[in-house]
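Student: I've got a new chain to look at and I'd like to talk it through. Can we go over it together, question by question?

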Amino acid sequence: MNKQFPVIAAMALLTMFVSQAAGAAADLDKSIETFKKLDVNNNGFISLKEAEVNPDLEDAFVDADVNEDGQLSLAEFEKMNIE
Ligand SMILES: [Ca+2]
Ligand SMILES: [Ca+2]
């Protein structure tokens, strides 16, 4: 048996884990980027008016606005799957 095998397997697993974590981080960055683009007046929330530029977002706006304050926070926005 090759004694190196467990080390190689562990490294492969670690590499898989790291690349998955990096992928998730990239997704998060992307949604933050989209959020900032939509937040025209830069107040940290997307209003319905700001959401109008994206028909998918506009349609989903009321459902996504969990606390019903008429604004989407970043947390509310991240739960949606809007590109
Ligand atoms: Ca705003
Ligand atoms: Ca809200």
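**Walking through the model**

Tutor: Sure, and keep in mind that this is a predicted model. Let's start with Gly44, which has 11 other C-beta atoms within 10 Å and is exposed.

Student: Okay, where does Gly44 lie?

Tutor: Gly44 is the exposed residue we just met. As for its place in the chain, look at the loop between α1 and β1.

Student: How far apart in space are Gly44 and Ser73, C-alpha to C-alpha?

Tutor: Along the sequence, 29 residues separate Gly44 from Ser73. In space, C-alpha to C-alpha, the distance is 6.7 Å.

Student: Let's zoom out. What pattern does the chain follow along the sequence?

Tutor: There are 4 helices and 2 strands to place. Reading along the sequence, you get α-β-α-α-β-α.

Student: Is the chain more spread out or less spread out than a compact globule?

Tutor: For 83 residues the globule rule gives 12 Å, and the radius of gyration is 19 Å, well over that. The C-alpha trace spans about 65 × 20 × 20 Å along the principal axes. Going by the radius of gyration, then, the chain is more spread out than a compact globule.

Student: What percentage of the residues count as buried?

Tutor: The cut-off for buried is 20 or more other C-beta atoms within 10 Å. Of the 83 residues in the chain, the share that counts as buried is 8%.

Student: Which residues make up the largest nonpolar core?

Tutor: That core has 6 residues in all. One of them, Phe61, touches Leu48, Ala51 and Leu72, leaving out residues up to four places away in sequence. The full set is Ile46, Ala51, Leu57, Phe61, Leu72 and Phe77.

Student: Is Ile46 buried or exposed?

Tutor: Ile46 is found in strand β1. A residue needs 20 or more other C-beta atoms within 10 Å to count as buried. Ile46 has 28, so Ile46 is buried.

Student: And which residues is Ile46 in contact with, leaving aside neighbours within four places in sequence?

Tutor: Ile46 belongs to the largest nonpolar core, and its contacts include core members such as Ala51. With neighbours within four places in sequence left aside, the contacts are Phe35, Leu38, Asp39, Ala51, Gln71, Leu72 and Phe77.

Student: How far apart in space are Ile46 and Gln4?

Tutor: These two are 42 residues apart in sequence. C-alpha to C-alpha, the distance in space is 53 Å.

Student: Where is Asn42, and what is its phi near?

Tutor: Asn42 sits in the loop between α1 (5–38) and β1 (46–47). Asn42 is exposed, having 7 other C-beta atoms within 10 Å. Its phi is positive, in a residue other than glycine, and near 60 degrees.

Student: What about Glu68: what is its phi, about?

Tutor: Look in the loop between α3 (55–64) and β2 (71–72) for Glu68. Glu68 is exposed, with 7 other C-beta atoms within 10 Å. Although Glu68 is not a glycine, its phi is positive, at about 50 degrees.

Student: Last one: why does Lys79 count as exposed?

Tutor: Lys79 is found in the segment after α4 (74–78). Exposed calls for 12 or fewer other C-beta atoms within 10 Å. Lys79 counts as exposed because its C-beta neighbours inside 10 Å number 11.

Technical notes:
Residues numbered from 1 in each chain as written. Chains lettered and ligands numbered in written order. Predicted model: local features only at pLDDT ≥ 70, side-chain atom pairs only at ≥ 80, totals over all residues. Rg over C-alpha atoms; globule rule 2.2 N^0.38 Å. Core = buried A, V, L, I, M, F, W, Y, C linked by C-beta atoms within 7 Å. Contact = placed C-beta atoms within 7 Å.
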